[in-house]
Amino acid sequence: MAKFLVQKSEPLNGEVYISGAKNAVLPLMAASILAGDKCTIMDVPDLRDVEVMKEILTSLGIEINQTQDSVLEFDGSNLATNEADYELVRKMRASFLVMGPLLARTGRAKVHQPGGCTIGARPIDLHLKGFEALGAEVVSKDNYVETIAPEGGLVGASIYLDFPSVGATENIMMAAVLAHGTTYIENAAEEPEIVDLANFLNKMGARLKGAGTDTIKIEGVEKLKGAEHTVIPDRIEAGTFMLAGAITKGEILIKNVVPDHVKPITAKLRECGVMVEMGDEGMYVVADRNELCSTDIKTLPYPGFPTDIQSPFMAFLTTVQGSSTVIETVFENRFMHVAELNRMGANIKTEGNKALIQGGKSLEGAQVIATDLRAGAALVLAGLVAEGTTEISEIYHIERGYEKFVKKFKNLGANILRIDD
């Protein structure tokens with residue numbers, strides 16, 4: 001098993017280019033199922049999750065070619081099956097996103113229960129509720145779900161989501177674009193990744209309005225065509241490097257970032273005394289000019305503070321003076337990194353969905369485990385300022401979601417090494 005060895009580093013300095021967003025590219029790839037001809041997606045990050053999605057789509061009969069770096073071409077003209085392979089689906093939760101487009105295009109889909117990080121319950125009931133509202137019959141078994149469209153095809157409907165689930169919003173959008181009539185998704189997720197998917201679908205000939213608001217209107221069309229699209233920058237990767245600059249009291253220029261997408265992260269860092277400014281070349285994060293202090297955060301669906309940045313931000317808060325409170329409202333099992341940070345000398349206590357942090361502690365290197373993707377990033381940040389060596393195992397979680405992780409950190413001056421144990 002590979003590991004990261006992280007040693008205390010000088011303040012990070014330099015520039016970093018943010019890759020295409022993991023959470024945007026996966027639904028875009030799934031959406032290629034809807035077209036009967038070629039789609040081209042650009043700025044595709046080289047990630048394990050992307051590789052898994054490529055394998056799933058290939059197993060369905062989608063032909064995939066890499067025409068140049070970060071550019072993939074998808075040809076769905078020879079779609080062969082509407083049943084996703086169990087061994088592939090179990091590797092990644094986002095694999096369930098093939099259900100909507102398969103149902104819309106073929107009238108039937110069979111997908112096994114998805115896997116992914118163990119950060120809490122992420123039921124697929126909202127996805128299925130949406131498919132049923134569109135007229136599909138849903139057959140649920142212990143290890144798979146099958147959806148069957150009525151003989152005349154899916155029919156538009158008004159669908160209210162009990163929670164603004166990103167995955168459910170995306171899956172229902174992709175199913176509804178080929179449904180007869182008009183579909184309204186109310187209490188829809190508003191994340192930038194939703195807008196990116198809607199833009200891609202509209203390029204393919206769909207008729208969607210309202211993406212980025214809580215109500216999305218979809219007028220069904222008869223078929224979709226191929227299209228070209230560039231993936232939006234990864235706001236979570238951008239946030240991670242913003243925090244890397246902050247925790248090491250460095251100065252980083254972040255390129256290829258959309259300022260609006262990281263507004264809550266920017267606001268909280270400024271509260272802590274970090275300078276974050278947008279310039280002609282990108283976003284400047286400077287943390288060596290002020291005494292840094294604590295703040296409180298509460299995770300919420302977009303445009304609130306992102307749950308995916310909660311653990312990296314907590315690592316930062318352990319190092320600044322003062323006490324902080326972190327409240328997690330999105331996932332019930334997203335404090336697994338707390339025990340690992342405490343192993344490094346942090347003082348964090350949890351009460352239900354609340355973490356109480358006594359900051360200003362000197363961290364010490366230790367053997368720790370990346371319990372999930374973003375927890376792993378948090379431990380790397382902590383290792384950059386901890387005395388001695390931090391050995392991080394289970395790093396496959398990290399490599400699922402960050403492209404060229406070690407190279408990007410090393411280019412900023414981080415003392416990090418990947419080893420095969």
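**View 1. K298, a partly exposed lysine at 44% relative accessibility.** K298 counts as partly exposed because its 44% falls between buried (under 20% relative accessible area) and exposed (over 50%), using a 1.4 Å probe and protein chains only. This is a predicted model, with local features needing pLDDT of at least 70, side-chain atom pairs counting only at pLDDT 80 or more, and totals for chains, interfaces and linings using all residues. Residues are numbered from 1 along each chain as its sequence is written, and side-chain values use heavy atoms, with hydrogens and water left out. K298 sits in strand β17 (residues 297-298); strands here are DSSP runs of E with at least two residues, helices are runs of H or I with at least four, and both are numbered from the N terminus. Leaving aside neighbours within four places in sequence, K298 is in contact with F305, I327 and T329, where contact means heavy atoms within 4.5 Å. How far is K298 from I56 in space, C-alpha to C-alpha? That's 35 Å, with their positions 242 residues apart in sequence.

**View 2. Helix α8 against helix α10.** Helix α8 (residues 235-247) and helix α10 (residues 310-317) pack at about 5°, their axes 10 Å apart. Axes are lines fitted to C-alpha atoms, for helices over the stretch in contact, and angles run from 0 to 180 degrees between N-to-C directions. So α8 is roughly parallel to α10, a label for angles under 35 degrees (over 145 is roughly antiparallel, 65 to 115 roughly perpendicular, the rest oblique). On the α8 side, look for L243, A246 and I247; α10 brings P312, F313, A315 and F316.

**View 3. Helix α1, tucked inside.** Of the 10 residues in α1 (residues 22-31), 9 are buried, so the helix is largely enclosed by the rest of the structure. Among the buried ones are K22, P27 and M29.

**View 4. The largest nonpolar core.** A nonpolar core is a set of buried Ala, Val, Leu, Ile, Met, Phe, Trp, Tyr and Cys residues joined through side-chain atoms within 4.5 Å. This one holds 79 residues, and L57, V98, M173 and L201 touch the most other members. Helix α1 gives the most to it, with 7 residues. Skipping neighbours within four places in sequence, L201 is in contact with residues including A31, L34, M173 and L224. Another core, of 68 residues, lies apart, with L243 and C272 among its members.

**View 5. Cysteines without a disulfide.** With a disulfide taken as a pair of cysteine sulfur atoms within 2.5 Å, the count is 0. For C293, the nearest cysteine sulfur is that of C272, 5.6 Å away. C293 is partly exposed at 32% relative accessibility, whereas C39 is buried at 0%.
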